[in-house]
Amino acid sequence: LQHYTAGGILENLVCVNSQNDGLYEAPAIIGTVVHNIQINYSSHNFERTFKNNWDYLAGVVISDGGFYSGNDFMDVTTAKLHAQVAGGECDKRLGNSRLRINILGCPGWSD
């Protein structure tokens, strides 16, 4: 969680690790104004999901009894994949091929 100081500098309030499924809880003191949530993971890029309607620019004020769910982000990092399916000594094309791509650690995800 990050907020702007009186001098206009964005500073970290608290840093937490997410669980393996991506869920996280961040403790915040009542009265804190959250201006940003910064996500860091292995040089990946993250964007807010369509469900995340929080107005961080205006600031989210933490109040007594408040529940602040829906701070959802999506990993939008991409990588290039080059594949060639050929065989034999002449490196001849073997016809049309299909690739199935899986991500380790994400059971059930494939493309």
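**Note on the predicted model of a 111-residue chain**

1. Overall extent. The radius of gyration of the protein chain is 21 Å, whereas a compact globule of 111 residues would have one near 13 Å. The model is a predicted one, and the comparison with the globule applies to the chain as predicted. Along the principal axes, the C-alpha atoms fill a box of roughly 70 × 30 × 20 Å.

2. Secondary structure. The protein chain contains eight strands and zero helices. In sequence order the pattern reads β-β-β-β-β-β-β-β. Among the strands are S3 (33-34), S4 (46-48) and S5 (60-61), and S6 (73-75).

3. Burial and contacts. Of the 111 residues in the protein chain, 13% are buried. Among contacts with a separation of 6 or more, 45% join residues 24 or more positions apart.

4. Surface and charge. About 9500 Å² of the protein chain is exposed, and carbon and sulfur atoms supply 51% of that area. The chain carries 7 positive and 11 negative charges, and the mean positions of the two sets are 18 Å apart.

5. Aromatic pair. The count of aromatic pairs comes to one. The pair is formed by Trp-54 and Tyr-68, with 5.8 Å from centre to centre and 45° between the planes, and is classed as tilted. The class follows because planes under 30 degrees apart count as stacked and those over 60 as edge-to-face, with the rest tilted. Trp-54 sits in the loop between S4 and S5, and Tyr-68 in the loop between S5 and S6; the two residues are 14 apart, and the pair links distant parts of the chain.

6. Exposure of the pair. Trp-54 has a relative accessible area of 24% and is therefore partly exposed. Tyr-68, at 25% relative accessibility, is partly exposed as well. Neither ring residue counts as buried, because that class requires a relative accessible area under 20%.

7. Backbone at Ser-42 and Ser-43. Ser-42 is not a glycine, yet its phi is positive, at about 40°. Ser-43 is likewise not a glycine and has a positive phi of about 60°. Ser-42 lies in the loop between S3 and S4, and Ser-43 is placed in the loop between S3 and S4 too. With a relative accessibility of 56%, Ser-42 counts as exposed; Ser-43 also counts as exposed, at 73%.

How values were computed: Residues are numbered from 1 along each chain as its sequence is written. This is a predicted model: local features need pLDDT of at least 70, side-chain atom pairs count only at pLDDT 80 or more; totals for chains, interfaces and linings use all residues. Side-chain values use heavy atoms; hydrogens and water are left out. Rings of Phe, Tyr and Trp (its six-membered ring) pair if their centres lie within 6.5 Å; planes under 30 degrees apart count as stacked, over 60 as edge-to-face and the rest as tilted. Helices (H or I, at least four residues) and strands (E, at least two) are DSSP runs, numbered from the N terminus. Buried means under 20% relative accessible area, exposed over 50%, partly exposed in between (1.4 Å probe, protein chains only). The radius of gyration is taken over C-alpha atoms; the globule rule is 2.2 Å times the number of residues to the power 0.38. Contact means heavy atoms within 4.5 Å. Accessible areas come from the Shrake-Rupley method with a 1.4 Å probe; for residues, only the protein chains shown count as cover. Lys and Arg count as positive and Asp and Glu as negative; His and the chain ends are not counted. The place of a charge is taken as NZ of Lys, CZ of Arg, CG of Asp or CD of Glu.
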